[in-house]
Amino acid sequence: MTSSGSASTHEIYAAPTCNCDKRCVIYISGTTNNPNRRFFGCPYLNEKNMPHCNYFMWEDEFIVLQARMVQLQETAIINHYEREMEVMKIQMDRVAEAKINQLEMNIIERNIEVVRFQMNESQVTISNRKPCCTCTVSGLLIVAFVISFWTWWKYKLHSK
Ligand SMILES: [Zn+2]
């Protein structure tokens with residue numbers, strides 16, 4: 001294959017590295033099968049007295065590969081984030097569920113406290129009423145005694 005070196009690194013994307021671990025440069029093919037087709041090769045390919053490797057990659061095929069790689073990476077990144085979001089959603093759901101359970105427990109505890117308080121209050125009311133009943137009974141007894149005494153006194157006065 002004959003080739004003419006344009007010897008410029010590609011500007012749009014990172015060029016591949018050759019087997020010498022050097023960034024490839026673009027050459028233009030001069031073959032009858034692939035006239036003017038650009039390809040990547042070792043930067044030392046056309047330099048005299050410089051050892052070089054035989055790295056070869058058509059530029060258009062490299063672009064397709066790069067695009068496919070980027071697509072795969074993007075898919076992998078999207079999948080990764082989707083998984084992370086799913087995990088986060090599950091964790092948030094668990095936290096929310098725990099909080100709801102806690103709130104429900106708080107409400108139940110508060111209701112129990114309210115019932116206890118109401119029971120205590122009614123007991124207090126009942127115990128407050130007890131002396132009132134006693135007072136009423138003793139008051140009635142006193143009134144009854146006074147009436148009976150008065151009646152007896154009147155009867156005694158009349159009988160004289
Ligand atoms: Zn090389």
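## Strand pairing and core of a predicted model

The secondary structure of the protein comes to 1 helix and 4 strands, where helices (H or I, at least four residues) and strands (E, at least two) are DSSP runs, numbered from the N terminus. Read from the N terminus on, these elements follow the order β-β-β-β-α. The model is a predicted one, in which local features need pLDDT of at least 70 and side-chain atom pairs count only at pLDDT 80 or more, while totals for chains, interfaces and linings use all residues. Residues are numbered from 1 along each chain as its sequence is written.

**Confidence and overall contacts**

The average pLDDT of the protein, the predictor's confidence in each residue from 0 to 100, is 87, and 88% of the residues score at least 70. Over residues 1-11, by contrast, pLDDT stays under 50, and for this stretch the model has 26 contacts beyond four places in sequence; two residues are in contact if their C-beta atoms, placed from the backbone, lie within 7 Å. Of the contacts in the protein with a separation of 6 or more, 30% are accounted for by residues 24 or more positions apart. Buried residues make up 6% of the 160 residues in the protein, a residue being buried if 20 or more other C-beta atoms lie within 10 Å of its own, exposed if 12 or fewer, and partly exposed in between, again with C-beta atoms placed from the backbone.

**Strand pairing**

Strands β2 and β3 run antiparallel and are joined by 5 bridges, where two strands pair if DSSP finds at least two bridges between them. A hairpin through 4 residues connects β2 to β3, and Y27 stands opposite F39 in β3. Strand β3 is also joined to β4, by 3 bridges and likewise in an antiparallel arrangement, with F39 opposite W58 in β4. F39 thus appears in both pairings, facing Y27 and W58.

**The nonpolar core**

The largest nonpolar core has 8 residues, namely A15, C18, C24, V25, Y27, F39, F40 and C42; such a core is a set of buried Ala, Val, Leu, Ile, Met, Phe, Trp, Tyr and Cys residues joined through C-beta atoms within 7 Å. The elements that give two or more residues to this core are β2 (25-30) and β3 (35-41).

**Loop residues**

A15, a member of this core, is found in the loop between β1 and β2, and A15 counts as buried because 20 C-beta neighbours lie inside 10 Å. A14 lies in the loop between β1 (3-8) and β2, yet A14 counts as exposed because there are 10 C-beta neighbours inside 10 Å. The C-alpha atoms of A14 and C24, which are 10 residues apart along the chain, are separated by 9.4 Å, while those of A15 and I26, 11 residues apart along the chain, are separated by 8.7 Å.

Two loop residues have a positive phi although neither is a glycine, as the table sets out for D21 and N49.

| Residue | Phi | Loop | C-beta neighbours inside 10 Å |
|---|---|---|---|
| D21 | about 65 degrees | between β1 and β2 | 7, exposed |
| N49 | about 60 degrees | between β3 and β4 (56-58) | 5, exposed |
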